[in-house]
Amino acid sequence: MSVPRTTPQRTRATRASKSAAALPHLAIECVTPQLDCGRFAVKRVLGDSFEVSADIFRDGHALLAARVRYRAPGARTWRYTPMAFDYNSDRWGGGFPLDEIGMWTYGVEAWTDRFGTWRSELTTKLDAGQDVASELLEGAALVDEAARSARAGEARKTLSAIAATLRDTSVSVAERAEAAIAPQLLALMDAHLPPIDLTSYERELSVWVDRDRARFAAWYEMFPRSQTTEPGRHGTFADAERALPRIAELGFDVVYLPPIHPVGVTERKGPNNTLNGGPEAPGSPWAIGSEFGGHTAVDPRLGTIDDFDHFVTAAHDLGMEVALDYALQVSPDHPWLKEHPDWFFLRPDGTIKYAENPPKKYQDIYPLNFWCEDREGLWNACLDILRFWIDHRVTTFRVDNPHTKPFAFWEWIIGEVHRDRPDVIFLAEAFTRPKRMKYLAKLGFTQSYTYFTWRNTAWELREYLTELTQGPMREYFRGNLFANTPDILHEYLQKGDRPAFRARLLLAATLSPLYGIYSGFELCENAPLHEGSEEYLHSEKYEIKVRDFAAPGNINDDIALINTIRRESGALQLYDNLTFHHSENQQVLFYKKSAPMGVDGLDGVDHLLIVVNVDPHHVQESMVHVPIDVLELGPEEAYVVEDLLTGARYTWRGTRNFVRLDPAVQPGHVLKVVGRA
């Protein structure tokens, strides 16, 4: 006997009916911000308001409700904040304050707003003069449902009473309708009517929150051994401590020290990176380790660990913090060579391989084999180094060449440090291909060096800084614009002399809230090792350099003034508020930074219009195009701008305004829009 053909069809229909409630009615898409589909955390700073947006929609015409759910670092329970719909962007948005450093988790939830849909339809029918008796009964059922879900108390009593009113035919329709659309009922229903189709975004996302200095800081790099005032004598931590008031007066926030550990003797480099410098040469600080210890020791020529602690205290007392170099490499004399020879690369002849970056050779440095058999032991030893210096109140590390070490290592070690100390800052010194630099930032590095030193024309700066601050990179990559480093003396500085140094200072300090200089920049040191080289002649990496920081031609006043302006201007303390605007002369760069600032400025906003002559050799003139629409100024309206560098005030009008910049006198303007004329 054959089975009736209708049976399978009935079975399918029954299954479809039973599963209908579980089928999705809502779609949540394009949640922002998120990084690589939630694989990595986006970055923010303590005190930010974190804004989340999404595309949320459903079939049919029912109204929706949505919220952001979020969890603070270490919290187990979710908190919620409502999302609102923006008809112009067709997006939902909501936000919450970030009041704790560490890793936050967030997501988006949405559901059909049953009461809101009913209330909207009721209002429409009332406005059209239609009979709403049936609708009021439907509303009563919804209010009853909310009353049942409300805990016993005033809310349940109120909801039950309103439901009774909506069903009471002895009360006029007008009175019942008034009770139905009352704001009090709407608030109660939002709070107590359970959603029947609550839908969550498919991923939990995360945002890493740093302390403020992760986004805003001026860095100063100095070699403690060069803080001596006596040629031929190795400087000490005490000498470096005596230099701190000068650095503080210049307005710096972070004092960064290259490696302070014992320097190896074997293959020690001499002046200008020559071989066989001998034990009397100071050697490269990056050749770490000797008989006096390794990465958790200090070079005895600098002093003791107590002297270092005193140096850190002195810096803190002046409002600065100390950053240390974290260089995971060793000299041939490092204790690890005897204790753990398996942590290194062995050549076929049994010798240990030294570091190379062809054509450069570093015979005094051995790289570590991070994938050796004792990987766990090596990685934990590297973690112990960080913990040692954190115990000595160092909470900022400049990481040397992180792109030459495993990505997995950095994600692990930064995560381990941040588990206990989320306040620690890591700066990635990775001058490598763009995708590597970006990936390191995604893995957890707080800040990153950039290509700024090689971007010197106006169009290069516009293109690169727009990528850093306005594109996807702004969510995770914080560029620290060092104007020079011990390794990088760009041709622009070599040939542009003092005007070039002043221009690059102004650019670095105003394009990004993070910037830095290496000691000697204030003296406009620009002698290269040879023509075409970016290495310094008599590089401080290999010899002690005694300087007179008050020498004629210094730009100390420029540095102090610009750092003061940075601290007083909220616009210069933000990262993603940079916009470029048209200059009719391609040698003149024109950009704006703005931030709310209360009652000062134009309509309570701190608007800075910054103009820089990128040509250090010639006077340049230009008409610059002010974005008056953003400033909410009329086409012919006059307004006053004040140059924060000189104090001069000018009355500008409309869009096109004239500037003339002589690099020998002033490299640019930092113009604050004071108000309408």
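**Entry 1: His316**

I looked up the contacts of His316 in this predicted model. Leaving out residues up to four places away in sequence, I found that His316 touches Glu321 and Arg393. I then asked whether His316 is buried or exposed. Its relative accessibility is 32%, so I recorded His316 as partly exposed. I also checked His316 against Cys524: the two are 208 residues apart in sequence, and their C-alpha atoms lie 28 Å apart in space.

**Entry 2: Helix α8**

His316 belongs to helix α8, so I turned to that helix next. Helix α8 covers residues 305-317, which is 13 residues. From first C-alpha to last, α8 reaches 18 Å, close to the expected 18 Å at 1.5 Å a residue.

Which residues of α8 are buried? I listed Phe308, Phe311, Val312, Ala314 and Ala315. Viewed down the axis of α8, these buried residues fall within an arc of 160 degrees, so they line one face of the helix. On the other side of α8, I noted Asp306 and Asp317 as exposed.

I then asked what the buried residues of α8 pack against. The partners are two helices, α7 (237-249) and α10 (375-391), and two strands, β12 (254-257) and β13 (321-326). Just after α8, I noted that Gly319 takes a positive phi of about 85 degrees.

**Entry 3: Thr469**

I moved to Thr469, which lies in helix α13 (residues 458-470). Thr469 has a relative accessibility of 1%, and buried means under 20%, so Thr469 counts as buried. I followed its side chain and found that it reaches the backbone oxygen of Leu465 at 2.8 Å. The side chain of Thr469 also makes a polar contact with the side chain of Gln470, at 3.3 Å. Setting aside residues up to four places away in sequence, I recorded that Thr469 touches Arg474, Tyr575, Asp576 and Leu578.

**Entry 4: Nonpolar cores**

How many residues does the largest nonpolar core have? I recorded 156 residues, and those with the most contacts inside this core are Ile56, Tyr326, Phe397, Leu511 and Tyr515. Helix α14 (residues 491-511) supplies the largest share of this core, 11 residues.

I examined Ile56 further. Apart from its neighbours within four places in sequence, Ile56 is in contact with Ala27, Ile28, Leu64, Ala66, Met83, Trp92, Val108 and Ala110. I also noted a second, separate core of 20 residues, including Ala140, Val143, Leu166 and Ala180.

Definitions and conventions:
Residues numbered from 1 in each chain as written. Predicted model: local features only at pLDDT ≥ 70, side-chain atom pairs only at ≥ 80, totals over all residues. Heavy atoms only, no water. Helix = DSSP H or I, 4+ residues; strand = E, 2+ residues; numbered from the N terminus. Expected span 1.5 Å × (residues − 1). Buried < 20%, exposed > 50% of the residue type's maximum accessible area, 1.4 Å probe, protein only. Arc of directions from axis to C-beta. Contact = heavy atoms within 4.5 Å. Polar contact = N/O pair within 3.5 Å; in protein donor to acceptor, adjacent residues only side chain to side chain. Core = buried A, V, L, I, M, F, W, Y, C linked by side-chain atoms within 4.5 Å.
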